[in-house]
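Visitor: Could you take me slowly through one part of this protein, the interior, and tell me what lies there? I would like to hear about the packing of side chains as well as any enclosed spaces.

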Amino acid sequence: MAGVPRVMASYLLSASVLTPILGRLGDMVGKRRIMILVLMLLLAGRVLAALAPNLGVLIVARVLQGAAGTVMPLSIGIVRDELPHDKVGVTLGLLSAILGALALVVFVVVELRVKEPLIDMRLFKIRGVWTANVVGLVFGFAMFGTFVLVPTLLQLPTVTGYGFGESVSSAGLFLLPTVLMMVVFGPVAGILVRKIGPKPPMVFGALFVTAEFVIPALNHAELWQVVVSGQLTGAGIGLAFVAMSNAIIESVPIHQTGEASSVDTIARTIGSSIGTAVIAALITSHGTSQGLPLDDAFTIGFWVCAAVAVLAIISALAAPSMSKRREQAPALGVEDLD
């Protein structure tokens, strides 16, 4: 165990040193050549690590693997070199999303194979858990999608014909109704969960968030449409977030509460990352020569978020009812839900 810090540090130090050096070489002699070199170093490091007879050789292998830190910067450079300007934003968004997806697959595979996993993947077989996690993923996407779309639309100059010409400060004030509705509907969700279970507020929360995007997708020419959209956002988040947490708590044994709840938080974070990347890419790819997003960018962005939000409705409807949770509670080792 004493050598573990050195093995980890060797990779991090190598990546810190090699990334700027190889990135600069890519600009000088060609990104394709350096990318091939990086992949060769990574392959050599993997093979050497698998065959390492002692700690010293393993550290050398990890140093070689540190070259992998240059893959993403080189990929971004290649995309910019090879594609027209209006395609760069979308491609980079897809590239980032594919990298979040690959990392998730690797994580799941590793967790399924180790004897003492960080997260028990068997939790995802529980209906009350996976439905809540899907809702959380979608809400993360939708929430940060609106945080990109609405302030950008509000701050665009009025000469565009669709912007509202608001300052940064005043645009921020338009998000205040969202916060207020979250404060109001959070306690309401708690009362509903106690009386009828987490499924109904989770369904209504998903419906509110879907409506939040449908309204401006149909027409966002008036400020009231933006305000109403924000109110629906706050109401939906207030209802669904409380319901999701309770849905998970009521679905897992008490000793796995923290583990299951953390997974839901991770799902929301992943959704937020994907939502931000996708919506930002849409805005970037539908812009004027001056770099201003077109009106179509917002219409498409709102419709994309609305379509994604429909997945939350489907998942919430698939969640077990309160009576079903009571039936499953003894088998799952969950405490009495009454």
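**Inside the protein**

Guide: The accessible surface of the protein comes to about 17700 Å², and 70% of that area belongs to carbon and sulfur atoms. Please keep in mind that this is a predicted model. Of the 338 residues, 40% count as buried, and these are the ones to keep in view as we turn to the inside. The framework is made of 13 helices and 0 strands, so that is, read along the sequence, one α after another in the pattern α-α-α-α-α-α-α-α-α-α-α-α-α. Among the contacts in the protein with a separation of 6 or more, 73% join residues that are 24 or more positions apart.

Let us go to the largest nonpolar core, which has 49 residues. Within this core, the residues with the most contacts are Phe139, Leu149, Leu154, Met202, Phe213, Ile279 and Phe298. Five helices each supply at least two of the core's residues, namely H6 (127-155), H9 (199-218), H10 (223-249), H11 (257-285) and H12 (295-318). The largest share, 13 residues, comes from H6.

To see what such packing involves, choose Phe139 and follow its contacts, leaving aside residues up to four places away in sequence. Phe139 touches Gly205, Ala206 and Val209, then Gly236, Ile237, Ala240 and Phe241, and also Ala312. Apart from the largest core there lies another, of 6 residues, which includes Leu22, Ile34, Met35 and Val38. As a general background, nonpolar side chains in soluble globular proteins tend to be buried together.

We can now turn from the packed side chains to the enclosed spaces. A search of the whole structure finds 3 cavities of 30 Å³ or more, and the largest of them has a volume of about 60 Å³. Its lining is formed by Thr146, Phe147, Val150, Phe174, Leu175, Thr178, Val226, Ser229, Gly230 and Thr233. Two elements, H6 and H10, give two or more residues to this lining, and H10 provides the largest share, with 4 residues. When the lining residues of the largest cavity are sorted by class, 5 are nonpolar, 5 are polar and none is charged.

Helices H6 and H10 therefore deserve a second look on your screen, since each supplies at least two residues of the largest core and each gives two or more residues to the lining of the largest cavity.

How values were computed:
Residues are numbered from 1 along each chain as its sequence is written. This is a predicted model: local features need pLDDT of at least 70, side-chain atom pairs count only at pLDDT 80 or more; totals for chains, interfaces and linings use all residues. Side-chain values use heavy atoms; hydrogens and water are left out. A nonpolar core is a set of buried Ala, Val, Leu, Ile, Met, Phe, Trp, Tyr and Cys residues joined through side-chain atoms within 4.5 Å. Buried means under 20% relative accessible area, exposed over 50%, partly exposed in between (1.4 Å probe, protein chains only). Contact means heavy atoms within 4.5 Å. Accessible areas come from the Shrake-Rupley method with a 1.4 Å probe; for residues, only the protein chains shown count as cover. On a 1 Å grid over the protein atoms alone, a cavity is a set of points where a 1.4 Å probe fits but cannot get out, and a pocket is an open set with protein on both sides within 12 Å along at least five of seven lines; lining residues have an atom within 4 Å of a point. Grid points are joined across faces, edges and corners, and a volume is the space filled by probe spheres set on the points. Ala, Val, Leu, Ile, Met, Phe, Trp, Tyr, Cys and Pro count as nonpolar, Asp, Glu, Lys and Arg as charged, and the others, Gly among them, as polar.
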